[in-house]
Amino acid sequence: MIRRIFILLAVLFTLTARAEPVRDKYVTAELIAEHTGFQPGQPFWVAVKLTMDPHWHTYWRNAGDSGLGTTVDWELPEGFQAGPVVWPHPERIPSDPLVSYGYENEVLLLTEITPPPGWSGDQVTLKAKAAWLMCNDVCIPGHATIALELPVTAAPIADERWAAAFAATRQALPVTSDAWSLATRVSPEFIELSLTPRDGAARAVSEVYFFPYRDDLIDHAAAQEWSTNGSAFALRIKRSTLSPGTPEQINGVLVSSPSWLAGKSVPALAVETTVSTVATPANGPVAGGSSLTLLTGLLLMFVGGMILNLMPCVFPVLSLKIVNLVEQSRETHESALKHAGAFTGGVLLSMWVLAAVLLALRGSGSTVGWAFQMSSPAFVLGLTFLFLLIGLNMFGVFEIGIGLTRAGGGLQEKKGLTGSFFSGLLTTVAGAPCAGPFLGTAIGFALAQPAGLALLAFTAMGLGTAAPYALLSTRPQLLKALPRPGAWMETMKQFMAFPMLVTAGWFASIFVKLHGGDDVTFRLLTAFVLVGASAWVFGKWTALHRAAGVRWAGRIVTVLLLAVAVRYALHKSDLRVEPWSKARVEQLRQAGQPVLVDFTAEWCAICQVNKRVALEHRDVIAKLKEKGVTVLMADWTDQNADVAAGLAEFGRAAVPLYLLYGRDASQPPEILPQALTPGLVLEALDRLQ
Amino acid sequence: MIKKTVLTLVAALSMAVAVRAEVVTGQPAPEFELKDSTGTSHKLSDFKGKPVVLEWVNHGCPFVVKHYSKGNLPGLQKEYTGQGVVWLSICSSAEGKQGYYTGEEWQKLNAEKGGQATAILLDPEGTVGKLYGAKTTPHMFVINAEGTLVYQGAIDDKPSTDSDDIPGAKNYVKAALDEVLAGKPVTTGQTKPYGCGVKYAP
């Protein structure tokens, strides 16, 4: 009888996968299999599961600045083959001034095992020796010999104990996708990855970071600059001083938040590219591919400087200034040429100061020119508003610089050469805001050159600006050829508003891409209205003929409106949301994790109100985090069939629908009311165990 | 107006002179001054005319333990100081972090570990560590008699915590020193250092 019981127990034992976790100080290692058994000849997946105590971490295949990647050595019976370790993407582990790459809490290092087709036994014992370095403030080497007994089964089924862990790990694996096309460009100091989104690419990605496989390729601690030019994105990565001359292959993992693909949770892209362009110091970083010869470049700068005079900021006063110059020379009996010279001196000085500032910024490591800080949403928003305001100014909604002109006018009215000098200085200052979009390429070229040549280029631009004055003041007869100031100037000024608005629109599209929030369009357009209002207030109530009190009130209201516009546009909710899918809900429920599903659509006003008022409330976000609730957004903006099916399951055909799934997978979800308040949501969350 | 312009210009130009914290192999090694475990102050320039080795150390780090436990580093220290090389062990651990000790504690610890370096320099502020871009312990720098940095990086080519890996590994420091002492150019000037992160002050 006892013998029979023993045999029964032995049989039962052999039908299950058995493994013992092994702890070495702060890390527990365990060998686990995705399925409860295997079929000879059919490859199956196993994983070395490392569970780190809080605050301890282990390392990725490239540990970064310090540390050591985990190694796995297999001891397999005859005929069994183990593939290489398949690593989920790591996290950055900073330890100022160093940065390492690794994992906290838990990691599954996957391996595919191929059993021989002729395996005759009814089970197999797989053994692995895992060796790692575990660190928090201090580092300790660790190792464990872990074993797994896996029976042979006719139809292997997923091991429920590990299903969620394997699913989560697979989501974190680097993926090759057609949704993004990738090109690499290498310069002595940087590696640039340019990414162009295609079908299936997520609309907006942020917090992008490239983890290379080689440990001597990049500066692990340096920030990586993510920017966009409206249609494509670029990541600029600083190379390591150890990096070999010209790397030909760039391999690694590109990670982003929340996902690279639309509607799917894919945070990691595999990068395996051959370098397409090698940039020499002459063409510099993101310099729009301009390979102009020096002379052509200088000529362009000269012409650009001349064009500056046609800018609506400058042209209306062009002839007046020249007349002034001529009168000055008559009054002071100094040659008009001397005055023109003083004027040119003023222009050149202001150009050199501009060049010096931009070069200093370049020297301190940023990308300058009109691509400067294009990775910062706040900066791009600033540019959008700037050009919007310039456009409104051109339309005549408000006037600016009258105060400046008065102040500057005082200096300009100074008699003699000094007056002409300041006149020249102020021409550049007045023309600078208009110069941008038209002189972009020329300035980009100038800044891609070594400092000396860049200064030369700016000098050329300065000379170009001053040239008409010099020419016309010495030959005042030619003034007759210039069109007389008149009503046409006002029309031209208003016409120039349109290019300004187009530029504002371009920057706005970049801002939308960078910001990434799903209500950013609405926010930006509201902000435009606010900026327009602030311009109107400024124009109406700070005009010179108003009383001082009214003018001050006007200025304050203007500033307030602008501040609100900026804050409103930049606001990004802290609510972390993942795309919804039935499979994801299942997966989370199996893992015993509470889920909040938000069936919503962009055209559903009440959904947006609920989101802003309740879901994005500070306390609600905190409580969601505290309870470990995953928020999934089911976007029905395009009325797709999948979400419709999800709604139908609960007898609904309309949004919004809010479902709160508790930790117990057998219980149905709580359906929250269609009008949410923060209190309602908090109460519902409190009801979760 | 002119004053503002001049100030802007001065500010702009001073920004261009940024302090870089990476040393370049083949360039002069940056000067520094630190107190050692006995309280004596040393400058790098004091040792001009002799090759100098800088060894970033933290006895709590398993990679340093690897090289001290079987006498690998003490052996190299003894061998090369005997040939006129100045060997400086530098500790950039901040106070309160692993590896930090006072001068007195260092003297006792060094005796325990059998260290044979010329001096143990204390850098708790981390200034010299950051000046040289020291990332790990150990992180090795070899400077020739003329003051030029000729090697920076790992101690050998087997990044591990296992002292059994030492005999079969190629020791970069030994190779560089032998070449320097023989008047030959150093073949491997730069490698990726391995070890625990230096415990800098936040």
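Which residue does a disulfide join to Cys135(A)? Select Cys135(A) and look for its partner: the disulfide runs to Cys139(A), with an S to S distance of 2.2 Å. Keep in mind throughout the tour that this is a predicted model.

**Stop 1: the first disulfide in chain A**

Stay on this pair and look along the bond between the two sulfur atoms. The link of Cys135(A) and Cys139(A) is right-handed, with 110° about the S-S bond. Now switch on the surface. Cys135(A) has 1% relative accessibility, so this residue counts as buried. Its partner Cys139(A) is at 6% relative accessibility and therefore also counts as buried, the cut-off being under 20%.

**Stop 2: another disulfide in chain A**

Select Cys604(A) and Cys607(A). These two residues form a disulfide, and their sulfur atoms are 2.0 Å apart. The angle about the S-S bond is 85°, and the link of Cys604(A) and Cys607(A) is right-handed. Are these cysteines buried or exposed? Cys604(A) is buried, with a relative accessible area of 6%, and Cys607(A) is buried with 1%.

**Stop 3: the disulfide in chain B**

Move to chain B and select Cys61(B) and Cys196(B). A disulfide joins them, S to S 2.0 Å. This link is right-handed as well, with 90° about the S-S bond. To see what the pair ties together, colour the chain by secondary structure. Cys61(B) lies in the loop between strand 3 (52-56) and helix 2 (62-69) of chain B, while Cys196(B) is in strand 9 (residues 196-197) of chain B, so the disulfide ties together parts that are 135 residues apart in sequence. On the surface view, Cys61(B) counts as buried at 0% relative accessibility, and Cys196(B) is buried with a relative accessible area of 0%.

While in chain B, select Cys91(B) too. At 4% relative accessibility, Cys91(B) counts as buried. Over all chains, the count of disulfides comes to 3.

**Stop 4: where chain A meets chain B**

Show both chains and select the residues in contact between them. The contact takes 30 residues from chain A and 30 residues from chain B. How much area do chain A and chain B bury between them? The value is about 2,400 Å², 71% of it on carbon and sulfur atoms. Look next for charged pairs: across the interface of chain A and chain B there are 0 salt bridges. Polar contacts do occur, and the count between the two chains is 5 residue pairs, both residues being at pLDDT 80 or more.

Now hide chain B and keep the side of chain A that touches chain B. Select strand 12 (139-151), helix 5 (336-363) and helix 8 (416-448) of chain A; each supplies at least two residues of that side. Helix 5 of chain A gives the largest share, 6 residues.

**Stop 5: confidence along chain A**

Finish by colouring chain A by pLDDT. The mean pLDDT of chain A is 82, and 82% of its residues reach 70 or more. Select residues 281-292 of chain A: pLDDT there is below 50, and this stretch has 18 contacts in the model beyond near neighbours in sequence. Then select residues 403-407 of chain A, where pLDDT stays under 50. For residues 403-407 the model has 3 contacts beyond four places in sequence.

How values were computed:
Residues are numbered from 1 along each chain as its sequence is written. Chains are lettered from A and ligands numbered from 1 in the order in which they are written. This is a predicted model: local features need pLDDT of at least 70, side-chain atom pairs count only at pLDDT 80 or more; totals for chains, interfaces and linings use all residues. Side-chain values use heavy atoms; hydrogens and water are left out. pLDDT is the predictor's confidence in each residue, from 0 to 100. Contact means heavy atoms within 4.5 Å. A disulfide is a pair of cysteine sulfur atoms within 2.5 Å. Buried means under 20% relative accessible area, exposed over 50%, partly exposed in between (1.4 Å probe, protein chains only). Helices (H or I, at least four residues) and strands (E, at least two) are DSSP runs, numbered from the N terminus. Buried area is the accessible area (1.4 Å probe) that two parts lose on being put together, summed over both. A salt bridge is a side-chain nitrogen of Lys or Arg within 4 Å of a carboxyl oxygen of Asp or Glu. A polar contact is a pair of N or O atoms within 3.5 Å; within protein, one must be able to donate a hydrogen and the other to accept it, and residues adjacent in sequence count only if both atoms are side-chain atoms.
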